[in-house]
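Here are a few short exercises to work through with the model open. Try each one yourself before reading the solution.

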Amino acid sequence: MLRYLPFLLVLALWIYAFIDCLNTPEEEVRGLPKVVWVIVILLFGEVLVGPVAWLVAGKNRAPRAVAGGGAARWVAPDDNPEFLKSLEKDLGKDLEKDLDTDKDRRDGGEDG
């Protein structure tokens, strides 16, 4: 079983690079047109040249720029002011709905 491991690893890298290339938008591909990268990956996949070349030089892996001009990065929800504002809005809506429901319940209960 262990003798098949190198073959399976090469196959896995080959498939990963091929699918990654197909799913990458054309504007994020560097060096060669996307179609040429697919051909390179398929032709030179057995010797790892194609997939490794794609992973190293084919795809633009820099983080995308955000509207503020800085690099895009992950922000925890509790550090994201936009997320916190949306929570406050949702909480306000939920409180209003609960108050309306309680008022309707009290009004209906007094009449019955």
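**Exercise 1.** In which helix is the place of alanine 53, and is alanine 53 buried, partly exposed or exposed?

Keep in mind that this is a predicted model. Start with the location: alanine 53 belongs to helix α3. Next, check its relative accessible area, which is 25%. Buried would need under 20% and exposed over 50%, so alanine 53 counts as partly exposed. Now look for partners: leaving aside neighbours within four places in sequence, alanine 53 touches Trp37 and Gly58. For a distance check, go to valine 40, 13 residues away along the chain; the two C-alpha atoms are 8.7 Å apart.

**Exercise 2.** Work out what span the 19 residues of helix α1 should have, and test it against the model.

Helix α1 covers residues 5-23, and at 1.5 Å a residue it should span 27 Å. Its end C-alpha atoms are 27 Å apart, so the two agree.

Then sort out its sides. Ala17, Asp20 and Cys21 are buried in α1. They sit on the same side of the helix, because they cover an arc of only 100° around the axis. Phe7 and Asn23 are exposed, on the face turned away from that buried side. The cover over the buried residues includes α2 (34-43) and α3 (49-58).

**Exercise 3.** Describe how α1 and α2 cross.

Take the axes: they come within 10 Å and cross at roughly 170°. Angles over 145 degrees count as roughly antiparallel, so that is what α1 is to α2. Finally, list the contact: Trp14, Ala17, Phe18, Cys21 and Leu22 of α1 meet Lys34, Trp37, Val38, Ile41 and Leu42 of α2. These residues divide into 9 nonpolar, no polar and 1 charged.

Notes:
Residues numbered from 1 in each chain as written. Predicted model: local features only at pLDDT ≥ 70, side-chain atom pairs only at ≥ 80, totals over all residues. Heavy atoms only, no water. Helix = DSSP H or I, 4+ residues; strand = E, 2+ residues; numbered from the N terminus. Expected span 1.5 Å × (residues − 1). Buried < 20%, exposed > 50% of the residue type's maximum accessible area, 1.4 Å probe, protein only. Arc of directions from axis to C-beta. Contact = heavy atoms within 4.5 Å. Axes fitted to C-alpha atoms, helices over the stretch in contact; angles between N-to-C directions. Parallel < 35°, antiparallel > 145°, perpendicular 65-115°, else oblique. Nonpolar A, V, L, I, M, F, W, Y, C, P; charged D, E, K, R; others polar.
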